[in-house]
Amino acid sequence: MTTYYVRPTNGSDANSGTSFANAWQTMQYAFDNAVAGDTVRFCAEATETTTSTIDLDTNSGSQTSCIRFEGYDGVNGTTRAKYTIQAVAAWGGGALISDAGSGTVDYITFQDIIFDANDLASSALSNTSTTAIGWSFLSCEFKQATDDGIICGNTNLGPGMWHFIDCSTNNHGAAGFDTQANGNGACIWTGGSCHNNATNGFEPGEIININKCCIYNNGADGIVLINSGDRSIFTNCTFYNNTGDGIDIPGFAEGVQVIACSFVSNGGYGINDTTAGEMHLVDYNHYHNNTSGTQNTGEMGNAPLVV
């Protein structure tokens, strides 16, 4: 259980990494060498840049002893700060961060990291393995991918679900959050935002729970359940000014819950439910100024709050 340091300007991957003065230099080296129980402090003395994908495919944490990657200041590495990893010119193609489909990396946590694809990398984060479980992101930002911002392959439920807390995914060339395949993308998203993406905000293909998130200014729907999405839950969220629907619930989804959300000025319906009577709980929501109207089917539960 060791604390390591990374300094993109004054570090060296030949160092021990165990102090601020003897820090490593690159995120790739940290990914390759940190093991269960370790913490890596990325010290924000400058933006770390890369011309190729950083592979997150080496070591795993455990449910009781994760590997932590955290942003800290660039002065002495003692105060939390945002650390940026950024794709730069001469980019070699592919995602900024990828697990390379290894399926071996479990229980890792990122905090205060900005994943900047810089309109060069195809995604800010790409997880292609369905067995990579227990990934967590706290106060992170994913931005400016040329395609989908986050690609999640996880199919594990319960303790294995991914967690995003107070994160933002924004300004991508396609969706803010997408899945590797139908049936993938199991996660819990709490707080934060999903905005200004060229297509949909979220495109989950598996159970996803989203709470207290602002989903706005996306080029299609705020959320569309692209596969089953059965039993997905959306609570206390704001859907504003998305070009399409606030939420699109297609004909194959069952048991979706939409509770205490606000749908304002979306270009389609607040909720577009085409499931033809499948059992959903849609209740205590607020609708205003959505172009196509409140819903395209009746709400199940108490009457909607319409202003």
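Reader: Which residues touch the most other members of the largest nonpolar core?

Author: In this predicted model, Phe115 and Phe137 touch the most other members of the largest nonpolar core, which has 63 residues.

Reader: What is Phe115 in contact with, leaving aside its neighbours within four places in sequence?

Author: Phe115 is in contact with Ile85, Leu96, Ile97, Phe110, Ala124, Phe137, Cys140, Glu141, Phe142 and Lys143, and one of these, Phe110, lies in strand 8, where Phe69 stands opposite Phe110.

Reader: What makes strand 5 and strand 8 a pair?

Author: Two strands pair if there are at least two bridges between them, and 4 bridges join strand 5 (residues 67-73) to strand 8 (residues 108-111), so these strands, which run parallel, count as a pair.

Reader: Where do strand 5 and strand 8 stand in the order of the open sheet?

Author: The open sheet is formed by 11 strands with parallel pairing, in the order 1-2-5-8-11-14-17-19-22-25-28. Its edge strands are strand 1 and strand 28 (281-283).

Reader: Why are strand 1 and strand 28 called edge strands?

Author: Each of these strands pairs on one side only. Strand 1 (residues 3-6) is joined by 4 bridges to strand 2 (residues 39-44), and the chain crosses from strand 1 through helix 1 (residues 27-33) to strand 2 in a right-handed β-α-β crossover.

Reader: Why is Asp178 called buried?

Author: Buried means under 20% relative accessible area, and Asp178, with a relative accessible area of 10%, is therefore buried. Asp178 has its place in strand 16 (residues 177-179), and, not counting residues up to four places away in sequence, Asp178 touches Asp148, Ile150, Ile151, Cys152, Glu203 and Ile226.

Key
Residues numbered from 1 in each chain as written. Predicted model: local features only at pLDDT ≥ 70, side-chain atom pairs only at ≥ 80, totals over all residues. Heavy atoms only, no water. Core = buried A, V, L, I, M, F, W, Y, C linked by side-chain atoms within 4.5 Å. Buried < 20%, exposed > 50% of the residue type's maximum accessible area, 1.4 Å probe, protein only. Contact = heavy atoms within 4.5 Å. Helix = DSSP H or I, 4+ residues; strand = E, 2+ residues; numbered from the N terminus. Right-handed = clockwise from strand over helix to strand, strands pointing away.
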